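Please load the model in your viewer and get ready to select a few residues at a time. We will walk from stop to stop, and at each one you can pause and look around.

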Amino acid sequence: MPLLRPVHKSTKLANVCYDIRGPVMARSRQMEEEGHRIIKLNIGNPAAFGFEAPEEIIQDVIYNLPAASGYSESKGLFSARKAIMHYTQEKKIANVQLEDIYVGNGVSELIVMAMQALLNNGDEVLVPAPDYPLWTAAVSLGGGIARHYICDEQSGWLPDPDDIRAKITPNTRAIVIINPNNPTGAVYPLDLLQELVEIARQHQLIVYADEIYDKVLYDGVTHTSIASLADDVFFVTFNGLSKNYRAAGYRAGWLVVSGDKRHAGDYIEGLTMLASMRLCSNVPAQHAIQTALGGYQSINDLVAPGGRLYRQRQYTWEALNAIPGVSCVKPQGAMYAFPRLDPKVYPIRDDRQFILELLEDEKVLVVQGTGFNWPAPDHLRLVFLPGMDEMTEAMTRFARFLEHYRKRHHGQ
(Lines give C-alpha, C1' and ligand atoms only; values in the text may rest on other atoms or scores of the structure.)
Protein backbone atom coordinates (compact mmCIF):
# COMPACT_ATOMS: atom_id res chain seq x y z
CA MET A 1 0.00 0.00 0.00
CA PRO A 2 1.53 3.38 -0.98
CA LEU A 3 2.32 5.93 1.70
CA LEU A 4 -0.52 8.38 2.10
CA ARG A 5 0.31 11.97 1.32
CA PRO A 6 0.09 14.06 4.53
CA VAL A 7 -2.81 16.49 4.72
CA HIS A 8 -1.42 19.89 5.69
CA LYS A 9 -3.37 22.87 6.94
CA SER A 10 -3.59 25.95 4.74
CA THR A 11 -0.55 28.22 4.71
CA LYS A 12 -3.02 31.04 5.46
CA LEU A 13 -3.13 29.66 9.02
CA ALA A 14 0.63 30.06 9.51
CA ASN A 15 0.30 33.29 11.51
CA VAL A 16 -3.08 32.52 13.09
CA CYS A 17 -2.94 32.09 16.86
CA TYR A 18 -5.69 31.86 19.49
CA ASP A 19 -4.03 30.93 22.76
CA ILE A 20 -7.14 31.58 24.86
CA ARG A 21 -8.14 28.08 23.73
CA GLY A 22 -4.60 26.92 23.01
CA PRO A 23 -2.27 24.11 24.12
CA VAL A 24 -2.28 25.05 27.82
CA MET A 25 -6.08 24.76 27.84
CA ALA A 26 -5.69 21.35 26.19
CA ARG A 27 -3.43 20.31 29.09
CA SER A 28 -6.08 21.64 31.50
CA ARG A 29 -8.70 19.37 29.91
CA GLN A 30 -6.33 16.42 30.21
CA MET A 31 -5.78 17.19 33.90
CA GLU A 32 -9.55 17.35 34.45
CA GLU A 33 -9.89 13.92 32.86
CA GLU A 34 -7.28 12.73 35.37
CA GLY A 35 -9.53 13.95 38.18
CA HIS A 36 -8.06 17.39 39.00
CA ARG A 37 -10.34 20.36 39.60
CA ILE A 38 -9.09 23.41 37.72
CA ILE A 39 -10.00 27.01 38.56
CA LYS A 40 -10.47 28.49 35.09
CA LEU A 41 -9.59 32.16 34.82
CA ASN A 42 -8.85 31.93 31.11
CA ILE A 43 -12.04 32.73 29.26
CA GLY A 44 -14.80 35.33 29.53
CA ASN A 45 -17.69 32.88 29.65
CA PRO A 46 -20.11 34.31 32.24
CA ALA A 47 -22.46 31.30 32.31
CA ALA A 48 -19.70 29.03 33.64
CA PHE A 49 -19.63 31.14 36.81
CA GLY A 50 -23.34 31.40 37.51
CA PHE A 51 -24.06 34.54 35.50
CA GLU A 52 -27.26 33.62 33.69
CA ALA A 53 -29.03 35.34 30.84
CA PRO A 54 -32.02 37.39 32.05
CA GLU A 55 -35.16 35.26 32.40
CA GLU A 56 -37.19 37.42 29.99
CA ILE A 57 -34.66 36.78 27.23
CA ILE A 58 -34.83 33.03 27.77
CA GLN A 59 -38.63 33.11 27.76
CA ASP A 60 -38.77 35.10 24.51
CA VAL A 61 -36.49 32.61 22.76
CA ILE A 62 -38.66 29.73 24.01
CA TYR A 63 -41.86 31.50 22.91
CA ASN A 64 -40.52 32.15 19.40
CA LEU A 65 -38.83 28.78 18.93
CA PRO A 66 -41.71 27.18 16.95
CA ALA A 67 -41.43 30.00 14.37
CA ALA A 68 -37.61 29.86 14.20
CA SER A 69 -37.09 26.70 12.15
CA GLY A 70 -36.52 28.42 8.82
CA TYR A 71 -33.81 30.72 7.53
CA SER A 72 -34.18 34.43 8.16
CA GLU A 73 -33.03 37.18 5.84
CA SER A 74 -29.25 36.94 5.55
CA LYS A 75 -28.80 40.24 7.42
CA GLY A 76 -31.14 39.13 10.20
CA LEU A 77 -34.71 39.40 11.47
CA PHE A 78 -36.50 42.71 11.06
CA SER A 79 -37.34 42.87 14.79
CA ALA A 80 -33.71 42.30 15.82
CA ARG A 81 -32.29 44.83 13.39
CA LYS A 82 -34.94 47.41 14.31
CA ALA A 83 -33.95 47.07 17.97
CA ILE A 84 -30.26 47.40 17.05
CA MET A 85 -31.09 50.49 14.98
CA HIS A 86 -32.76 52.05 18.02
CA TYR A 87 -29.72 51.14 20.11
CA THR A 88 -27.41 52.95 17.68
CA GLN A 89 -29.66 55.99 18.08
CA GLU A 90 -29.23 55.75 21.87
CA LYS A 91 -25.46 55.67 21.30
CA LYS A 92 -25.82 58.76 19.05
CA ILE A 93 -24.52 56.99 15.93
CA ALA A 94 -26.16 58.97 13.13
CA ASN A 95 -28.07 57.82 10.06
CA VAL A 96 -28.07 54.07 10.63
CA GLN A 97 -30.76 52.33 8.55
CA LEU A 98 -31.95 48.72 8.66
CA GLU A 99 -29.81 47.79 5.65
CA ASP A 100 -26.70 48.97 7.54
CA ILE A 101 -27.09 46.23 10.17
CA TYR A 102 -25.86 42.62 9.89
CA VAL A 103 -26.73 40.08 12.58
CA GLY A 104 -24.16 37.31 13.02
CA ASN A 105 -23.27 34.25 15.06
CA GLY A 106 -21.53 36.36 17.65
CA VAL A 107 -19.07 39.16 17.02
CA SER A 108 -16.36 36.58 16.27
CA GLU A 109 -18.01 35.48 13.02
CA LEU A 110 -18.55 39.08 11.99
CA ILE A 111 -14.93 40.09 12.65
CA VAL A 112 -13.71 37.33 10.34
CA MET A 113 -16.34 38.28 7.77
CA ALA A 114 -15.39 41.97 7.91
CA MET A 115 -11.72 41.19 7.32
CA GLN A 116 -12.43 38.69 4.53
CA ALA A 117 -14.52 41.29 2.73
CA LEU A 118 -11.80 43.96 2.99
CA LEU A 119 -8.32 42.55 2.68
CA ASN A 120 -6.07 41.74 -0.23
CA ASN A 121 -2.69 40.11 0.32
CA GLY A 122 -0.31 42.58 1.96
CA ASP A 123 -2.94 45.05 3.16
CA GLU A 124 -2.23 46.30 6.67
CA VAL A 125 -4.58 46.82 9.60
CA LEU A 126 -3.63 48.68 12.78
CA VAL A 127 -4.46 46.47 15.77
CA PRO A 128 -3.85 47.30 19.44
CA ALA A 129 -1.19 45.57 21.53
CA PRO A 130 -2.41 43.94 23.64
CA ASP A 131 -5.46 42.92 21.59
CA TYR A 132 -8.26 40.43 21.59
CA PRO A 133 -6.29 37.89 19.51
CA LEU A 134 -9.11 37.06 17.12
CA TRP A 135 -8.50 40.45 15.48
CA THR A 136 -4.89 39.63 14.61
CA ALA A 137 -5.89 36.12 13.55
CA ALA A 138 -8.70 37.39 11.31
CA VAL A 139 -6.38 39.90 9.62
CA SER A 140 -3.82 37.15 8.94
CA LEU A 141 -6.47 34.73 7.70
CA GLY A 142 -7.71 37.39 5.29
CA GLY A 143 -4.22 37.71 3.80
CA GLY A 144 -3.45 40.95 5.58
CA ILE A 145 -0.74 42.06 8.00
CA ALA A 146 -1.60 43.15 11.54
CA ARG A 147 0.53 46.12 12.58
CA HIS A 148 0.34 46.39 16.36
CA TYR A 149 0.20 49.83 17.95
CA ILE A 150 1.09 50.10 21.62
CA CYS A 151 -1.39 50.77 24.37
CA ASP A 152 0.57 52.46 27.15
CA GLU A 153 0.33 50.85 30.57
CA GLN A 154 1.76 53.99 32.19
CA SER A 155 -1.21 56.02 30.95
CA GLY A 156 -3.87 53.51 31.98
CA TRP A 157 -3.48 51.32 28.87
CA LEU A 158 -4.65 54.06 26.50
CA PRO A 159 -3.53 53.84 22.86
CA ASP A 160 -0.51 55.94 21.95
CA PRO A 161 -1.56 58.19 19.02
CA ASP A 162 2.07 58.91 18.10
CA ASP A 163 2.80 55.19 17.84
CA ILE A 164 -0.31 54.77 15.69
CA ARG A 165 0.85 57.50 13.31
CA ALA A 166 4.32 55.94 13.12
CA LYS A 167 2.84 52.57 12.10
CA ILE A 168 0.78 53.92 9.17
CA THR A 169 2.08 53.05 5.69
CA PRO A 170 0.65 53.35 2.17
CA ASN A 171 -0.75 49.83 2.68
CA THR A 172 -2.72 50.67 5.83
CA ARG A 173 -6.45 50.18 5.26
CA ALA A 174 -8.01 50.34 8.72
CA ILE A 175 -7.59 50.72 12.47
CA VAL A 176 -9.16 48.50 15.14
CA ILE A 177 -10.35 50.15 18.38
CA ILE A 178 -11.33 47.79 21.23
CA ASN A 179 -13.23 49.91 23.77
CA PRO A 180 -13.86 48.91 26.54
CA ASN A 181 -10.67 46.99 26.07
CA ASN A 182 -10.08 43.28 26.31
CA PRO A 183 -7.66 42.33 27.92
CA THR A 184 -6.80 45.51 29.87
CA GLY A 185 -10.21 46.83 30.97
CA ALA A 186 -9.36 50.35 29.77
CA VAL A 187 -12.22 52.65 28.71
CA TYR A 188 -11.15 55.40 26.32
CA PRO A 189 -11.94 59.06 27.08
CA LEU A 190 -13.64 61.36 24.61
CA ASP A 191 -10.58 63.44 23.72
CA LEU A 192 -8.57 60.32 22.81
CA LEU A 193 -11.40 58.97 20.66
CA GLN A 194 -11.60 62.31 18.86
CA GLU A 195 -7.86 62.15 18.17
CA LEU A 196 -8.22 58.62 16.79
CA VAL A 197 -11.04 59.81 14.51
CA GLU A 198 -8.78 62.60 13.26
CA ILE A 199 -6.02 60.09 12.46
CA ALA A 200 -8.53 57.96 10.54
CA ARG A 201 -9.81 61.04 8.71
CA GLN A 202 -6.33 62.23 7.67
CA HIS A 203 -5.25 58.80 6.41
CA GLN A 204 -8.63 57.63 5.04
CA LEU A 205 -8.74 54.62 7.34
CA ILE A 206 -11.77 52.49 8.14
CA VAL A 207 -12.46 52.43 11.89
CA TYR A 208 -13.43 49.00 13.23
CA ALA A 209 -14.92 49.52 16.71
CA ASP A 210 -15.25 46.47 18.95
CA GLU A 211 -17.67 47.60 21.67
CA ILE A 212 -18.92 44.26 23.04
CA TYR A 213 -18.35 45.43 26.67
CA ASP A 214 -19.98 48.84 26.33
CA LYS A 215 -22.28 48.31 29.34
CA VAL A 216 -19.71 46.57 31.57
CA LEU A 217 -18.43 49.78 33.16
CA TYR A 218 -17.31 50.61 36.71
CA ASP A 219 -16.90 53.66 38.94
CA GLY A 220 -19.28 55.88 36.97
CA VAL A 221 -17.19 55.70 33.78
CA THR A 222 -19.17 56.42 30.61
CA HIS A 223 -18.67 54.83 27.21
CA THR A 224 -18.70 56.80 23.96
CA SER A 225 -19.20 54.98 20.66
CA ILE A 226 -16.46 56.27 18.40
CA ALA A 227 -18.86 56.14 15.44
CA SER A 228 -20.93 58.88 17.10
CA LEU A 229 -18.09 61.39 16.70
CA ALA A 230 -18.00 61.92 12.93
CA ASP A 231 -20.05 61.51 9.77
CA ASP A 232 -17.16 61.89 7.31
CA VAL A 233 -15.27 58.70 8.34
CA PHE A 234 -16.39 55.14 7.59
CA PHE A 235 -17.10 53.11 10.74
CA VAL A 236 -17.88 49.46 11.33
CA THR A 237 -19.13 48.87 14.90
CA PHE A 238 -19.50 45.47 16.58
CA ASN A 239 -21.65 44.51 19.57
CA GLY A 240 -23.76 41.63 20.85
CA LEU A 241 -25.42 39.79 23.72
CA SER A 242 -22.47 37.71 24.95
CA LYS A 243 -21.19 39.94 27.76
CA ASN A 244 -23.72 42.68 28.54
CA TYR A 245 -26.51 40.08 28.71
CA ARG A 246 -24.47 37.03 29.80
CA ALA A 247 -25.69 35.09 26.74
CA ALA A 248 -22.38 34.03 25.19
CA GLY A 249 -23.71 30.65 24.04
CA TYR A 250 -26.55 32.21 22.08
CA ARG A 251 -24.04 33.52 19.53
CA ALA A 252 -26.00 36.68 18.82
CA GLY A 253 -23.92 39.65 17.67
CA TRP A 254 -24.18 42.44 15.14
CA LEU A 255 -22.16 44.67 12.86
CA VAL A 256 -23.24 48.22 11.94
CA VAL A 257 -21.82 50.27 9.08
CA SER A 258 -22.10 54.04 9.54
CA GLY A 259 -20.51 57.38 8.81
CA ASP A 260 -19.45 58.20 5.25
CA LYS A 261 -20.69 55.14 3.33
CA ARG A 262 -20.65 56.77 -0.11
CA HIS A 263 -17.18 55.54 -1.04
CA ALA A 264 -17.62 52.14 0.67
CA GLY A 265 -20.39 50.73 -1.51
CA ASP A 266 -18.22 48.02 -3.02
CA TYR A 267 -17.00 46.86 0.40
CA ILE A 268 -20.56 46.85 1.76
CA GLU A 269 -21.58 44.74 -1.23
CA GLY A 270 -18.82 42.31 -0.23
CA LEU A 271 -20.15 42.14 3.33
CA THR A 272 -23.64 41.43 2.00
CA MET A 273 -22.26 38.70 -0.25
CA LEU A 274 -20.49 36.96 2.63
CA ALA A 275 -23.56 37.32 4.86
CA SER A 276 -25.62 35.63 2.15
CA MET A 277 -23.09 32.82 1.71
CA ARG A 278 -23.59 31.68 5.32
CA LEU A 279 -27.38 32.01 4.69
CA CYS A 280 -28.19 33.62 8.05
CA SER A 281 -27.22 33.61 11.70
CA ASN A 282 -28.83 31.50 14.42
CA VAL A 283 -32.54 32.40 14.19
CA PRO A 284 -33.69 31.38 17.71
CA ALA A 285 -30.99 33.62 19.22
CA GLN A 286 -32.04 36.54 17.03
CA HIS A 287 -35.36 36.53 18.89
CA ALA A 288 -33.44 37.45 22.07
CA ILE A 289 -32.06 40.72 20.70
CA GLN A 290 -35.17 42.92 20.82
CA THR A 291 -36.02 41.83 24.37
CA ALA A 292 -32.43 42.25 25.55
CA LEU A 293 -31.94 45.75 24.20
CA GLY A 294 -35.39 46.98 25.23
CA GLY A 295 -35.71 45.25 28.60
CA TYR A 296 -34.39 45.81 32.09
CA GLN A 297 -30.62 46.30 31.99
CA SER A 298 -29.58 43.99 34.83
CA ILE A 299 -25.90 44.49 33.96
CA ASN A 300 -26.18 47.88 35.70
CA ASP A 301 -26.84 46.15 39.03
CA LEU A 302 -23.85 43.83 38.58
CA VAL A 303 -21.35 46.64 37.92
CA ALA A 304 -22.67 49.13 40.49
CA PRO A 305 -20.93 49.43 43.89
CA GLY A 306 -21.95 46.34 45.84
CA GLY A 307 -22.78 44.43 42.67
CA ARG A 308 -21.17 41.06 42.08
CA LEU A 309 -18.90 42.09 39.19
CA TYR A 310 -17.90 45.27 40.98
CA ARG A 311 -16.90 43.40 44.15
CA GLN A 312 -14.97 40.72 42.27
CA ARG A 313 -13.10 43.30 40.20
CA GLN A 314 -12.22 45.29 43.32
CA TYR A 315 -10.98 42.23 45.19
CA THR A 316 -8.96 40.87 42.26
CA TRP A 317 -7.27 44.22 41.62
CA GLU A 318 -6.36 44.63 45.29
CA ALA A 319 -5.15 41.03 45.63
CA LEU A 320 -2.91 41.29 42.58
CA ASN A 321 -1.31 44.54 43.68
CA ALA A 322 -0.64 43.04 47.14
CA ILE A 323 1.69 40.39 45.64
CA PRO A 324 5.36 41.46 45.61
CA GLY A 325 6.52 42.40 42.13
CA VAL A 326 3.00 42.42 40.65
CA SER A 327 1.21 45.58 39.51
CA CYS A 328 -2.17 45.92 37.85
CA VAL A 329 -3.93 48.94 36.37
CA LYS A 330 -7.47 49.06 37.73
CA PRO A 331 -9.92 47.86 35.03
CA GLN A 332 -12.56 50.48 34.24
CA GLY A 333 -14.60 48.07 32.13
CA ALA A 334 -14.96 44.48 30.90
CA MET A 335 -14.23 41.34 32.95
CA TYR A 336 -10.45 41.01 32.98
CA ALA A 337 -7.30 42.04 34.78
CA PHE A 338 -3.99 42.27 32.90
CA PRO A 339 -1.30 42.39 35.60
CA ARG A 340 2.40 43.00 35.03
CA LEU A 341 5.00 40.75 36.61
CA ASP A 342 8.16 42.79 37.19
CA PRO A 343 10.92 41.10 35.14
CA LYS A 344 13.47 41.88 37.87
CA VAL A 345 11.41 39.81 40.31
CA TYR A 346 10.04 37.27 37.82
CA PRO A 347 12.62 36.69 35.05
CA ILE A 348 10.16 34.91 32.74
CA ARG A 349 11.55 33.93 29.36
CA ASP A 350 8.61 31.88 28.07
CA ASP A 351 5.27 33.03 29.46
CA ARG A 352 3.38 30.09 27.98
CA GLN A 353 5.67 27.75 29.93
CA PHE A 354 5.15 29.97 32.98
CA ILE A 355 1.36 29.62 32.92
CA LEU A 356 1.69 25.89 32.22
CA GLU A 357 3.73 25.58 35.43
CA LEU A 358 1.04 27.57 37.27
CA LEU A 359 -1.56 25.15 35.95
CA GLU A 360 0.47 22.06 36.87
CA ASP A 361 1.44 23.30 40.35
CA GLU A 362 -1.68 25.16 41.52
CA LYS A 363 -4.49 24.03 39.17
CA VAL A 364 -5.20 27.61 38.06
CA LEU A 365 -5.65 28.33 34.34
CA VAL A 366 -4.88 31.81 32.94
CA VAL A 367 -3.67 33.13 29.56
CA GLN A 368 -0.17 34.46 28.94
CA GLY A 369 0.23 38.08 27.81
CA THR A 370 1.93 37.18 24.54
CA GLY A 371 -1.30 35.35 23.63
CA PHE A 372 -2.76 38.86 23.28
CA ASN A 373 0.10 39.99 21.04
CA TRP A 374 1.83 41.82 23.88
CA PRO A 375 5.51 41.90 22.90
CA ALA A 376 7.11 40.93 26.25
CA PRO A 377 6.64 37.83 28.48
CA ASP A 378 5.74 39.92 31.54
CA HIS A 379 1.92 40.01 31.62
CA LEU A 380 -1.00 37.61 31.88
CA ARG A 381 -4.77 37.92 31.68
CA LEU A 382 -7.22 36.51 34.17
CA VAL A 383 -10.98 36.83 34.40
CA PHE A 384 -12.64 37.93 37.62
CA LEU A 385 -15.93 36.13 36.92
CA PRO A 386 -15.75 33.40 39.62
CA GLY A 387 -17.62 34.03 42.86
CA MET A 388 -15.72 35.54 45.78
CA ASP A 389 -14.88 32.21 47.44
CA GLU A 390 -13.41 30.75 44.26
CA MET A 391 -11.71 34.03 43.32
CA THR A 392 -10.13 34.20 46.78
CA GLU A 393 -8.88 30.63 46.43
CA ALA A 394 -7.49 31.39 42.96
CA MET A 395 -5.60 34.47 44.21
CA THR A 396 -4.25 32.50 47.20
CA ARG A 397 -2.92 29.82 44.86
CA PHE A 398 -1.49 32.40 42.44
CA ALA A 399 0.30 34.26 45.24
CA ARG A 400 1.70 30.97 46.56
CA PHE A 401 2.99 30.00 43.11
CA LEU A 402 4.70 33.38 42.72
CA GLU A 403 6.25 33.10 46.18
CA HIS A 404 7.78 29.75 45.20
CA TYR A 405 8.92 31.26 41.88
CA ARG A 406 10.68 34.11 43.70
CA LYS A 407 12.43 31.66 46.05
CA ARG A 408 13.61 29.54 43.14
CA HIS A 409 15.07 32.53 41.30
CA HIS A 410 16.17 34.83 44.14
CA GLY A 411 16.21 32.66 47.24
CA GLN A 412 13.69 34.94 48.95
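## First stop: a three-stranded sheet

Begin with the open sheet of three strands, whose order is β11-β15-β14 and whose pairing is antiparallel. At its edges are β11 and β14 (367-368), each of which pairs on one side only. This is a predicted model, so keep that in mind as you go.

Now select β11 together with strand β15 (residues 380-383): two bridges hold them in the antiparallel sense. Which residue of β15 is the bridge partner of Y336? Colour V383 and you have found that partner.

## Second stop: aromatic rings

Keep Y336 selected and add Y213. Their rings make an edge-to-face aromatic pair, with 5.7 Å from centre to centre and 85 degrees between the planes. The pair links distant parts of the chain, since Y213 sits in the loop between β7 and β8 while Y336 belongs to strand β11 (residues 336-337), and 123 residues separate them. Are these two residues buried or exposed? Both Y213 and Y336 are buried.

Next, select F234 and Y267. Here you see another aromatic pair that is edge-to-face, at 6.1 Å centre to centre and with 85 degrees between the planes. Distant parts of the chain are linked here too: F234 is in strand β8 and Y267 in helix α8, 33 residues apart. F234 has a relative accessibility of 3% and counts as buried; Y267, at 9%, also counts as buried. Both values fall under the 20% cut-off for that label.

For a group of rings, show W157, F338, F372 and W374, which form one aromatic cluster. How many aromatic pairs does a search of the whole structure find? The count is 13.

## Third stop: strand β9 and its neighbours

From F234, stay with strand β8 (residues 234-240) and bring in β9. The two strands run antiparallel and are joined by seven bridges. To see one of these contacts, pick F235 and its bridge partner in β9, S258.

Then add strand β2 (residues 101-104), which pairs with β9 in the antiparallel sense over four bridges. Here V103 has W254 of β9 as its bridge partner. As a reminder for what you are viewing, strands of a sheet pair through backbone hydrogen bonds, either parallel or antiparallel.

Why is strand β9 (residues 253-259) largely enclosed by the rest of the structure? Six of its seven residues are buried, so the surroundings largely close it in.

## Fourth stop: salt bridges

Side chains of opposite charge can pair when their charged atoms come close. The structure holds 21 salt bridges, and a few of them make good selections.

Start with K261 and D100, whose side chains meet in a salt bridge at 2.7 Å, N to O. K261 lies in the loop between β9 and α8 (265-277) and D100 in the loop between α3 (78-90) and β2, so the pair links distant parts of the chain, 161 residues apart. D100 is buried, with a relative accessible area of 7%.

Move on to R201 and D232, a salt bridge with its closest N and O atoms 2.8 Å apart. Because R201 lies in helix α7 (residues 190-203) and D232 in the loop between β7 (206-210) and β8, this pair ties together parts that are 31 residues apart in sequence. Both partners are partly exposed: R201 at 31% relative accessibility, and D232 with a relative accessible area of 37%.

Now display R27, E34 and E360, which are joined into one network by salt bridges that share partners.

Select E32 and K40 as well: they form a salt bridge whose closest N and O atoms are 3.0 Å apart. E32 counts as partly exposed at 31% relative accessibility, and K40 is partly exposed with a relative accessible area of 31%.

## Last stop: charges over rings

Finish with two arginines. Select R308 and F51: R308 lies over the face of F51, at 3.9 Å from the ring centre. Then turn to R313 and Y310, where the charged end of R313 sits over the ring of Y310, 5.0 Å from its centre.

Technical notes. Residues numbered from 1 in each chain as written. Predicted model: local features only at pLDDT ≥ 70, side-chain atom pairs only at ≥ 80, totals over all residues. Heavy atoms only, no water. Buried < 20%, exposed > 50% of the residue type's maximum accessible area, 1.4 Å probe, protein only. Pairing = 2+ DSSP bridges. Salt bridge = Lys/Arg side-chain N within 4 Å of Asp/Glu carboxyl O. Phe/Tyr/Trp six-rings, centres within 6.5 Å; stacked < 30°, edge-to-face > 60°. Lys NZ or Arg CZ within 6 Å of the ring centre and 35° of its normal.
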